[in-house]
Structure formats: structure tokens, C-alpha cells
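Please open the structure in a viewer and keep the selection tool at hand. The tour below proceeds by stops, each naming what to select and what is to be found there.

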Amino acid sequence: MRRIHPAGLFEALCPLNGQQPQYLLRVAQEDGKQVIMHDPYTFPPLLTDYDLYLLGEGRHWRCYNKLGAQLRTVNGVEGVNFAVWAPNATSVSVIGDFNRWDGRCHPMRKHIPNGFWEIFIPGLKEGDLYKFQIRYHDQVFEKADPFGFWAEVPPRSASRVFNINRYQWHDQEWMEQRKKRNWLEEPISIYEVHLGSWRRPNDNPTGWMNYREIAHELVHYVKKMGYTHIELLPIAEHPLTASWGYQVVGYYAVTSRYGTPEDFQYFVDYCHQNGIGVIIDWVPGHFPKDGHGLRRFDGTALYEHEDPRLGEHRDWGTHIFNYGRYEVRNYLIANALFWFDKYHVDGIRVDAVASMLYLDYSKGPGEWIPNEFGGRENLQAIAFLKLLNEQVHLQFPGVLTIAEESTAWPGVSHPTYQGGLGFSMKWNMGWMNDTRRYMHKDPIYRKYHHNELTFSLIYAFHENFVLPLSHDEVVHGKGSLISQMPGDWWQKFANLRLLYTYMWTHPGKKLLFMGSEFGQWHEWNYDAQLQWELLDWPTHRGLQRCVADLNKLLRRERALHEVDFRWEGFQWIDCHNWEESTLSYIRRAKDPNDYLVIALNFTPVPRWEHRIGVPEVCQFEEIFNSDAEIYGGGNIGNYGRAVSEPVPWHGFPASMKIVLPPLAGVIFKPRRDWLHIQSEKSPAR
């Protein structure tokens with residue numbers, strides 16, 4: 001090398017193949033061992049001026065390809081490029097097993113004025129553990145990588161280097177079809193799953209199954225049951241298993257409890273190859289205060305607000321994101337895009353949207369700060385949600401964004417150009433609360449609460465609704481759904497079959513939490529598998545078959561899914577019979593001649609000659625009866641058919657007398673061809 005400065009700066013004389021000059025260092029370690037290595041500081045920064053510009057503007061939608069720990073080959077040398085945002089830090093270093101967790105070994109270089117720190121460390125490989133050691137004046141702390149793709153199994157908290165781009169996908173057919181699908185007019189029945197407690201390994205009931213193992217068992221079951229989608233409780237890395245994943249530390253890291261990122265890619269791939277969509281719960285509303293996470297990341301309130309009146313959820317013990325900061329907004333939107341891009345997921349269900357929309361959410365007087373107009377609306381969060389939905393639908397056509405929003409905020413599932421938030425769909429929490437409250441009541445009192453059943457149709461078409469009976473309804477002392485039903489053993493099962501019949505025929509897409517489909521008695525426990533042994537009982541098998549048949553009916557009958565979000569798809573027959581606690585209505589497809597007649601009886605009293613109005617004179621096939629013996633019912637019904645007659649009733653030109661079983665629902669489909677067949681068989685007169 002040639003000395004180019006008296007202070008001891010040198011220049012390599014012989015660059016190789018036109019590459020940047022390189023030299024090697026011989027380093028003596030404390031134990032006397034000598035190691036030969038490349039000098040990290042001879043490698044140029046890999047973040048370009050354009051990267052830094054987009055990051056500063058908050059619109060670097062693929063920043064996960066540049067930040068965090070990226071496996072790179074620079075000037076022929078393999079290693080890992082680290083980049084992290086910490087604008088207020090005094091210094092930032094990469095620490096790990098490779099440097100004995102010593103922050104003096106690999107200090108990073110700061111891009112000014114953006115506040116991004118960067119270093120390329122040669123020789124590192126996939127699987128290496130690392131953290132960022134951050135110094136803020138006299139404070140020193142260690143942080144996991146906000147963009148890390150993989151982490152240690154909690155309670156350990158280091159990040160791991162991982163090649164997220166290696167997996168070879170086999171779902172090309174699904175992905176191409178997805179771009180063309182209009183899910184608003186297709187059947188959607190979602191099976192909500194917590195992977196850690198759906199099943200446990202037979203040889204280790206306290207352990208977890210791997211993503212690859214559970215993929216085969218879960219997909220086989222979901223296909224058998226007729227569901228269209230699986231929705232996973234949050235699978236981003238979280239320190240506390242008891243949080244069910246809703247307190248996220250590693251937004252870009254799939255939880256290592258069940259395997260590697262590649263294992264989860266296999267899980268999604270296998271679902272797609274079997275025609276099952278995958279939705280994940282996503283939590284941009286808050287993050288926990290764990291020391292290795294985002295909290296005061298560079299020694300200051302970086303991702304959160306400094307003022308606790310803006311930046312803290314005291315009920316949950318978490319911090320609120322600062323949605324007005326461009327880099328924070330970029331971090332979250334890019335994260336949503338990341339799951340669609342790298343993991344091919346088909347939708348995100350956004351948790352706790354109401355907590356984002358309102359500055360006074362769960363806060364008393366003096367505990368919150370109004371917006372600049374004096375209102376309670378979080379204008380920065382609203383702008384964030386709109387931009388999120390615009391980018392997701394623009395970049396990944398055919399995917400779903402679903403809001404868990406529990407208030408009457410208008411236009412949650414309307415396009416942003418119409419003033420809405422831009423979500424594909426919204427959970428119908430009003431329907432869920434009213435219906436569950438009604439079903440809790442003893443049938444003798446239900447007639448006094450009839451409006452709790454009918455009220456949902458007043459607003460059913462204001463949003464694109466999903467009807468959820470989720471994990472939230474079977475925890476915190478509520479008990480399981482079957483245990484919430486009134487009556488004796490038989491009535492509990494009949495009530496639950498009736499509830500599902502009402503839910504599957506009500507306008508809106510469907511979501512049911514695992515275990516509820518076969519009547520698990522225990523309240524859901526995240527730390528134990530479902531009570532699969534209950535399927536040894538015919539009553540539980542019957543309930544399971546009932547749900548499977550409802551799913552098949554939902555897929556087969558256009559009237560149950562094609563017009564879910566417009567009034568043309570629904571018509572009351574009789575919503576006023578509160579005295580007998582019955583309901584009857586029509587569901588229609590786009591073709592108004594393609595319709596179903598539904599009648600429900602919410603009392604344990606059979607209605608033997610229950611007359612209901614229908615649109616025409618013809619024969620009606622009874623295509624479903626929740627009281628069927630195969631479901632565990634009493635087998636009261638209409639012998640498979642009913643015939644209408646030209647007797648006006650309920651405002652219709654025709655009507656028919658049907659048998660309405662106790663605590664049951666029946667579904668009829670007009671069979672005009674039967675009349676033709678019967679006339680051909682009739683003897684000439």
C-alpha cells in the first residue's frame with residue numbers, strides 16, 4: 001500500500017478487476033487468537049441518495065429491501081449490510097456473537113441529516129444473531145432490529161440474519177387468479193385460528209407445531225369444513241405469548257415459535273395450492289413497552305409521541321404510533337406491503353381501528369389533546385389509514401383489508417375518493433353484540449328483545465360487513481359459545497345451530513373462531529389445544545357437520561354471497577312476529593329469480609302450520625334444516641319440500657304453510673322445474 005497522508009492513510013496500489021481497493025486486517029483477540037478479516041470501513045454506503053430522499057419523504061414502500069440486515073455481496077465480498085433509523089442517537093453499533101457483543105467493534109456511520117445509520121460487515125452469514133447498541137448521551141441500550149426478518153424464540157430477544165428471498169413459490173395460479181377476483185361478490189367464510197393452540201404435537205402437548213406440520217393438518221381440516229379463508233391471530237414476533245400476538249415487537253419478523261420465515265412461506269404456499277386464502281391480523285394501533293422493542297428507540301420518543309396524552313394506551317400498557325411522522329408512517333405502510341410481497345398473504349385484518357381514529361379513545365377528561373380544530377378525531381391516523389389502503393389496493397389488486405372498527409364511523413369500507421377510509425370490509429360489531437346478547441336470553445324472554453335481531457338490517461348495507469364470532473367472544477370469562485347458549489344440553493346445541501343458520505343467511509361475509517364449529521365447552525386457552533376429543537360425541541360431530549354444510553351452501557348458492565352489501569340481496573318476509581320469536585326473509589342473487597327463503601324459530605315450540613309469504617306459486621325444496629337428525633336435531637321438518645299456493649300473505653302474491661322446527665332454521669329454494677316434471681308425469685284428463 002502507498003502512504004497518502006503523514007497521519008497514516010494508505011491507498012491500495014493494485015485494485016482487483018477494476019473493483020474498489022481492498023485490504024485485510026489481522027486482528028488479535030483477547031485470547032491471543034489472530035483473525036484475518038476485511039475492514040468494514042473500506043466498503044461504500046449502500047443506501048443511495050434516492051433511498052434517503054424517499055425515506056425522508058415517507059414513501060419508500062420497499063424500504064424493507066434496504067433497511068435492517070440485508071445479505072449482500074459487495075466488491076466480491078459476501079456479508080451483511082445493516083441500516084437503521086435512529087436520528088437522535090449519539091452513536092449506533094452492531095453487536096452480536098461475531099464481535100462478542102462488543103459495541104466498540106462495529107460502530108455505524110450516520111447519514112446526515114436523515115438520521116439513518118449504516119455499515120457493511122463482511123463475512124457475516126444467515127442465522128447470525130445481532131442487535132443494535134444505541135448510545136444516547138450517557139445512556140446505552142440494546143435494541144432488536146425493527147426491520148429484522150427473524151428473531152430468537154422468546155424470551156430471548158436478539159434478531160437473526162435471514163434471506164427472505166430464497167423460497168421458491170408454487171402458487172402462481174392462485175396469485176394470477178387473485179388479481180382478477182372481486183371478493184365482495186364471492187363466498188367468504190373465514191376460520192379464525194391461533195396457531196399455538198389449534199393443535200399441539202402428540203409427543204409434546206406443551207410444545208408447538210411447526211408451520212410446515214400444521215399446514216397439512218389445518219388445510220385438510222379447513223377444506224373438509226368448506227371454509228374459504230384462514231385468518232391467523234397476529235404472527236409477527238411478540239415477546240409475551242399470553243398477548244396472543246397483539247403486542248408486537250418485530251413487525252417484519254414472523255414469530256419464531258413455529259419455525260423460520262421460510263416455514264411460514266411454505267404454510268401460505270400450501271394454503272394457496274389447495275385453494276385457501278390466508279388473512280393475518282395486523283396491529284398498527286399500538287406497540288408494547290419492552291426494552292428491546294420500539295419504545296424510545298434512539299433514546300427519544302421516536303415511533304411514539306413524547307406526550308403520554310397522545311402516545312400511550314394506559315388500559316393496554318402500550319404506546320401509540322406517531323402517525324404524523326413520515327418515517328413512522330412509512331415504516332407501517334411498508335410493513336403491510338411486506339406481508340403481501342414476501343409472504344403472499346391475501347388480506348390483513350387491522351386490529352383496534354377505533355383506538356386509532358379517536359384521540360379520546362378510552363381516556364377521560366384531561367387525558368387527551370384535541371386536534372387542531374378542537375375535535376376528537378385523530379386526523380393523522382385517518383390520513384395514515386387512507387394512504388395505507390390506497391397503496392395496498394394499488395400495488396396488490398385482489399387482496400383484502402378488513403377493519404375491526406367498533407363505532408359508527410362513516411365510510412370505513414368506502415373508497416377514499418368517496419371520502420371513506422378505503423378498507424375492503426369492516427367487522428360488524430353491532431350485529432355481533434346484539435345477536436349474542438339476544439341468544440343469551442332464555443327463549444321465554446326473547447319476544448321482548450325482538451328488535452335486537454332486526455335492528456342490524458337497518459344499517460346492514462352502509463358498509464361491506466363481515467359477521468364475526470371471533471376469539472374475543474370466547475375469552476375473559478365469557479365462556480365458549482356453546483356454554484353461552486341457554487337451556488338444557490339439547491337446547492344449547494339447537495340454539496347454536498340456529499345461531500349459525502341465522503349468521504350464514506344474514507347479509508355479510510362470515511368469520512368463526514376455531515373450536516366454535518364443534519362446540520368446545522372450555523373457554524379458549526391460548527396455552528392448550530382445542531378439545532378435539534369432544535368429536536367422539538355425536539352431538540359435537542353433528543354441530544361440526546352443520547357448519548360444514550352451511551359453508552357448502554354458502555359456496556353453492558349465489559343468493560347467499562353474490563349481493564351481500566346491497567339492499568337488492570335481501571327482503572323481509574316477516575320481521576314483526578315478535579310474539580312467536582320467528583323471522584323469515586329472502587336472500588337474492590344478482591338474478592332476482594335466483595333466491596332462497598329462510599325461516600327461523602327462536603323458541604323451543606314447533607310451529608306446525610306456519611304460513612309465510614313467497615314471491616310465486618311453485619314447489620320449494622327444503623335444502624337445509626338445522627334440526628336434521630344428522631346434526632343432532634329432532635328431525636322435525638317438511639319432508640324435503642313445501643308447496644306454495646295463490647294466497648296473498650305478508651305482501652306477497654303467494655304463500656305456503658311450513659313446519660318450523662323448535663330452535664331451528666330452514667332454507668327453501670324454488671324448484672320451478674319440479675312443476676314441469678310433475679305435469680309431464682300426470683295422466684291425461
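Begin by selecting helix 7, which contributes three residues to the lining of the largest cavity, the most of any element. The model under view is a predicted one. Within it, a search of the whole structure finds six cavities of 30 Å³ or more, and the largest of them has a volume of about 120 Å³. Its lining comprises 13 residues, and those closest to its centre are Leu67, Trp85, Phe116, Phe147 and Glu327. Add strand 6 (77-85) to the selection: strand 6 and helix 7 are the elements that give two or more residues to this lining. By class, the lining of the largest cavity holds 11 nonpolar residues, one polar residue and one charged residue.

**The barrel**

Keep helix 7 (residues 326-343) in view and select strand 18 (277-282), strand 22 (347-350) and strand 23 (400-403). These strands belong to a closed barrel of eight strands, which runs 14-15-18-22-23-24-25-26 with parallel pairing. On average, neighbouring strands of this sheet are turned by 25° against each other, direction ignored. Helix 7 packs on the sheet and touches strands 18, 22 and 23, and its direction makes about 160° with that of strand 18.

For one pairing in detail, select residues 189-193 and residues 229-232. These are strand 14 and strand 15, which pair in the parallel sense over four bridges. Which residue of strand 15 stands opposite Tyr191? The residue to display is Ile230.

**Two helix pairs**

Next, select helix 5 (residues 261-273) together with helix 7. Their axes come within 10 Å and cross at roughly 75°, so helix 5 is roughly perpendicular to helix 7. Display the side chains of Pro261, Phe264, Gln265 and Val268 on helix 5, and of Trp339, Lys342 and Tyr343 on helix 7; these residues make the contact. They divide into five nonpolar, one polar and one charged.

For the other pair, select helix 15 (residues 489-505) and helix 16 (residues 538-556). The axes of helix 15 and helix 16 come within 10 Å and cross at roughly 10°. Helix 15 is therefore roughly parallel to helix 16. On helix 15, the contact is made by Trp489, Phe493, Leu496, Arg497, Tyr500, Thr501 and Trp504. Facing them in the contact, helix 16 supplies Thr539, His540, Leu543, Cys546, Val547, Leu550, Asn551 and Leu554. By class, the contact of helix 15 with helix 16 has 10 nonpolar, four polar and one charged residues.

**The largest pocket**

Now select Trp316, Asp351, Glu404, Asp472 and His476. How much space lies in the largest pocket? About 670 Å³ lies there. The pocket is lined by 22 residues, and the five just selected are the closest to its centre. Extend the selection to helix 10 (residues 429-440), which gives the most to this lining, with three residues. The lining of the largest pocket divides into nine nonpolar, seven polar and six charged residues.

**A hairpin**

Select residues 129-136 and residues 139-143 next. These form strand 10 and strand 11, which pair in the antiparallel sense over five bridges. Within this pairing, Tyr136 stands opposite Gln139 in strand 11. The hairpin has two residues between its strands, and His137 takes a positive phi near 55° there.

**Backbone details in the loops**

The closing stops concern single residues and peptide bonds. Select Trp101, which is found in the loop between strand 7 (91-96) and strand 8. Its phi is near 55°, a positive value in a residue other than glycine.

Move on to Ile112 and Pro113, which are joined by a cis peptide bond with omega of about 10°. Pro113 has its place in the loop between strand 8 (109-111) and strand 9 (116-122).

Finally, select Pro154 and Pro155. Is the peptide bond from Pro154 to Pro155 cis or trans? The bond is cis, with omega near 15°. Pro155 is placed in the loop between strand 12 (150-151) and strand 13 (159-160).

Conventions:
Residues numbered from 1 in each chain as written. Predicted model: local features only at pLDDT ≥ 70, side-chain atom pairs only at ≥ 80, totals over all residues. Heavy atoms only, no water. Pairing = 2+ DSSP bridges. Axes fitted to C-alpha atoms, helices over the stretch in contact; angles between N-to-C directions. Contact = heavy atoms within 4.5 Å. 1 Å grid on protein atoms, 1.4 Å probe; cavity = no way out; pocket = protein on both sides within 12 Å on 5 of 7 lines; lining within 4 Å. Points joined across faces, edges and corners; volume = space filled by probe spheres on them. Nonpolar A, V, L, I, M, F, W, Y, C, P; charged D, E, K, R; others polar. Parallel < 35°, antiparallel > 145°, perpendicular 65-115°, else oblique.
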